[in-house]
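Here's a quick briefing on how some helices sit against each other. Take a look at the model first, then read on.

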Amino acid sequence: MYIINSGDIMYIFYALLAALTSGITTLFAKKSLNTNSNLVTFLRTIIIFLFTIVVVFLFKVEFVKLDFKTLLFLILSGIFTALLWICYFKALSLSSVNKVTPVDKTSIVLTLILSSIFFKERITLYKIVSIVFMLFGTYLMVGKSDKENNNKWLFYAILTSIFNSIATIIAKFGIKNVDASYATFIRVLVVLVCIFLYIFIRKDYKDIKNIKKKDYLYISLSGISTSLSWLFYFMALKLGDASLVFPIEKLSAGFAIVFSSIFLKEKMDRKMKIGFVLILISVAILIVNNIYI
């Protein structure tokens, strides 16, 4: 039986918007990574923070007092988000979008498992089949070993996947009783502080003289698109199940790879194309599993 209520439509719509803007973010971010990736990540986080402040005031978000549990989960979500960003953009600086992005999206597997544990969301046959397609598709897309970088990008991409999943689950706990814009504001603030401390300790700020004017444009655009992606994602996560919102958002991998093929001229061989199709099928299976009951 096919049942979709208005709530389903809204959080699916928000999740799709999050996927689109996230895919655009990857394109802009890749274009800006011509220097120290940690410094670039910090600068784009500043843009995101400023954008979030604007959103908070435009929507007249009320800064209510948060209980300890909610605040703790939002802070932890911000910390893991900072870690995933540092790892993700490091991976992007070492390899192509069409390799890094699929590995990052395998976070869906861990998220499904954690969702079943903490939110009692059932792991169905559909989800198991989807996981198989996702993992096999990712294997095909990773392709041959990258001898030049000793596959360092793969290490950072795997860390991104793990941190991404943990951040999502923690965020789900933290936004139950708080406005999505307010939650985003707190989370971005935590990310900004964490990345600032990271580049300060590593003294990455010294590389700011190497950033070109064109790079600042892409950094700003990636910051704005990330802000929109976060806002849509939080709204979707608050309205719907993490087991559906998360896989829909993972369509961002498809958007990112398509954009990279068009604008960055990144090419895929036949095996990678098959892997890409399998990943899209895996996401489609999860969506069907959640809207057909």
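**Helix packing at a glance**

Asn98, Lys99, Pro102 and Val103 of helix 4 touch Thr138, Met141 and Val142 of helix 6 (contact means heavy atoms within 4.5 Å; helices are DSSP runs of H or I with at least four residues, numbered from the N terminus). Keep in mind that this is a predicted model, where local features need pLDDT of at least 70, side-chain atom pairs count only at pLDDT 80 or more, and totals for chains, interfaces and linings use all residues. Residues are numbered from 1 along each chain as its sequence is written, and side-chain values use heavy atoms, with hydrogens and water left out.

**Helix 4 and helix 6**

- The residues in this contact split into four nonpolar, two polar and one charged (Ala, Val, Leu, Ile, Met, Phe, Trp, Tyr, Cys and Pro count as nonpolar, Asp, Glu, Lys and Arg as charged, and the others, Gly among them, as polar).
- Helix 4 covers residues 97–104 and helix 6 residues 125–142, and they pack at about 155° with axes 9 Å apart (axes are lines fitted to C-alpha atoms over the stretch in contact, and angles run from 0 to 180 degrees between N-to-C directions).
- That's why helix 4 and helix 6 are roughly antiparallel (over 145 degrees; under 35 is roughly parallel, 65 to 115 roughly perpendicular and the rest oblique).

**Helix 2 on its own**

- Helix 2 (residues 37–58) has 22 residues and spans 31 Å from its first C-alpha to its last, close to the 32 Å expected at 1.5 Å a residue (the expected span is 1.5 Å times one less than the number of residues).
- At its start, a side-chain oxygen of Asn36 comes within 2.9 Å of the backbone nitrogen of Asn38.
- After helix 2 comes Lys60, with a positive phi near 50°.

**Helix 2 and its partners**

- The axes of helix 2 and helix 9 (residues 213–239) come within 8 Å and cross at roughly 50°, so the two helices are oblique to each other.
- In helix 2, Val40, Leu43 and Ile47 are among the residues that meet helix 9, whose side includes Tyr216, Ile219 and Leu231.
- This contact of helix 2 with helix 9 has eleven nonpolar, five polar and one charged residues.
- Helix 2 also packs with helix 8 (residues 180–202), at about 155° with axes 9 Å apart, and so they are roughly antiparallel.
- Phe42, Phe49 and Ile53 are among the helix 2 residues in that contact, and helix 8 brings residues including Phe185, Leu192 and Arg202.
- The contact of helix 2 with helix 8 counts 17 nonpolar, six polar and one charged residues.

How values were computed
A polar contact is a pair of N or O atoms within 3.5 Å; within protein, one must be able to donate a hydrogen and the other to accept it, and residues adjacent in sequence count only if both atoms are side-chain atoms.
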